[in-house]
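Work through the exercises below with the sequence and the model at hand, and try each task before reading its solution.

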Amino acid sequence: MLGRALVRSFVQPTAAITTQLAGVHHHQEATDMKRFTGVTRSNKAKANRNTHVNEKLFRRMRGRKTLLIELPEDSAREKEAEMSPGEMRTELLKRGINPYKEAQPRVWNEAQVTFQSIYGIADPYVPPENPGSFTDVNNKFDEVKQRIQHKFYNWRMGTNRIRKKQGFEKFDIKTFCAKAEDIYVQAHRALEQRDKTAMYKYITEYAFAKMWPDVENGSVRFELISVLEPSRVVAVRCFDNPPKSGNDIAQITVRMHTRQKLAVYDRFGGLLLGSEDEEKDVVEYVVFENHIAVVDGEWRLHGKIYPKWIDAKQGMVGTQMLSAEQVEKQHAEAKALPLRTTEKLEEAKKEKEQQEI
Amino acid sequence: MLRVLVRTGSEACRAVSTSTAVLSVHPVVKSEDLSAKEIWDRRSKLRVPKLQKDEQLSSKVYFAPEWDLEKKPNLDEGFVNPLKGYGMTPEKWEYYNKVVWPPNYIVPETGLPKPKEVFHCKESVHFSPKRMWAACQLVWKMNVDEAITQLDMQQLKACNLLMDTIKKAKSRAADEFHIEYPSQMYVADAFPVQSNIVKGARRHAHDNWNTIRYRYIHIFVRLEEGPAPQQKQRHPQKNGWDHMDEYYNYLRSRTVKYSI
């Protein structure tokens, strides 16, 4: 067999690549000329001999018969979303694309702009509730100066300007507070019910962008129980958007001291913040806005001011409901308290005295 | 700091009253106090078949944003073709993540609070849907951590892809949906859907060409909070002890015919 293979490789080098290898396997095949020459097989049940050897010869040839195409990449959108701009540029260069010339921005951003309101609070200053002490002369002087300046601006850039507008000649701050409270309640009710029509009536676009996610990804329950103090106007401002265009927009900050219930729930109805049963006294500086350039402009809730001089909020204490087992464990386990040190010392002394006796 | 909250009868009544069509049969009990077997016994009763005339549909108490019916999945012109984008798509699967349930919602049929669930999808993976289905069946109704471990043991491409998907869903549950204990979730649903076929070709003898199909799939995964059910099937499979008990009952139930 070895000699025959060697002879074949020398005489016919091309045949060795494409012809399957088959040799004599049994010594009795010498008497059978058909089996010796390979016309018949000794084991007819075996379909192909030397499969692992022959398959190795033919695998590449079979692969060459496959038409190669460029397959789309797995999870291309996912990978592109996670790329930074630099990585995206590199990826485009690998594909042979000019990232500055042939590629467009990934996200097309559109936003509707309205000139009926100002996207922000015009003057977020709120005078402190408690006046500073007279001992600190410099700070006291600054505080008094700011208060007087603030009151002047309330008239000059606020009330005086509002009364020049058609339909607002008889505008009075004192009668605005009751209206403000009503708008406040209606706004929260509309938010609770997800009534977009009512929300657009009582809430400005700036406030809508802040309040709508609370009810889009969860639920809100709000109830105003009573007003503890009469509401008081803190600031009145009037600005035009764009500047010097005559498109006047007024903003009024109202201090409200109310007792209310507020509960915020997550998407599955679980309580996140607040409570639906407990009442809470709240002091808020609520900003209302009106497009006074138009005769039929209406006051709407615009935002809330968090004063700088207020104490910082405390972090939320995490609480969770206990199951029955945990309650039992809590009652069952008794722990030694680190207190009562003096009593323990006295007990130790008594024990020593007893031992001595 | 731990605070003990006690549910009162009025609260239970208010919670149940959110759904007026179906009255609650079970009293409202905290889900932690029930064992896994009791929870799944209650949920299994929902699968008892009913006649359509006896069926009472529950009212819509949840809030979900409007679905744009005119939006075409492939941005094609003309009328909306229902054959395109039929079945489950990533957009539809993601829409389930936007459903908002009412406060303190309790499912009236079972008396249990609504378990938190996370819907996640891995899009456009070049793999066979049939082989991926086998991997999904392996981890179906299995605890999340155990599923990840089981898939990690199998060194197959399907299991690696599904493991990455479940890991991503678990991290999404913790980061995006603020679920406190993601390890206590189980794989409620896992299935592949074929999204695309790219046709290739292979040359054979005598000018014969055959088609090669390169299949692309989406992998959909839903994780649900709570204990995993004990069995994948509708009813638990009988083991040898159950068969023995049945045979003993048969033996003891025999009577002699026409006896005194």
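**Exercise 1: a salt bridge between distant parts**

Glu205(A) has a relative accessible area of 26% and is therefore partly exposed, where buried means under 20% relative accessible area, exposed over 50% and partly exposed in between, with a 1.4 Å probe and protein chains only. The model is a predicted one, in which local features need pLDDT of at least 70, side-chain atom pairs count only at pLDDT 80 or more, and totals for chains, interfaces and linings use all residues. Residues are numbered from 1 along each chain as its sequence is written, chains are lettered from A and ligands numbered from 1 in the order in which they are written, and side-chain values use heavy atoms, with hydrogens and water left out.

Task: Which residue forms a salt bridge with Glu205(A), and which parts of the chain does the pair link?

Solution. Step 1: the partner is Arg300(A), with the closest N and O atoms 3.5 Å apart; a salt bridge is a side-chain nitrogen of Lys or Arg within 4 Å of a carboxyl oxygen of Asp or Glu. Step 2: Arg300(A) belongs to strand β5 (residues 300-305) and Glu205(A) to helix α10, so that distant parts of chain A, 95 residues apart, are linked; helices (H or I, at least four residues) and strands (E, at least two) are DSSP runs numbered from the N terminus. Step 3: Arg300(A), at 10% relative accessibility, counts as buried.

**Exercise 2: a second pair in chain A**

Task: Where do Glu279(A) and Arg259(A) lie?

Solution. Step 1: the side chains of these two residues meet in a salt bridge, at 3.9 Å from N to O. Step 2: Glu279(A) is in the loop between β3 (271-274) and β4, while Arg259(A) is in strand β2, so the pair ties together parts 20 residues apart in sequence. Step 3: Glu279(A) is partly exposed at 46%, and Arg259(A) is also partly exposed, at 29% relative accessibility.

**Exercise 3: the largest nonpolar core**

Task: How many residues does the largest nonpolar core have, and which element gives the largest share?

Solution. Step 1: the core has 36 residues, and Phe176(A), Ile203(A) and Trp299(A) are among those with the most contacts inside it; such a core is a set of buried Ala, Val, Leu, Ile, Met, Phe, Trp, Tyr and Cys residues joined through side-chain atoms within 4.5 Å. Step 2: the largest share, eight residues, comes from α8(A).
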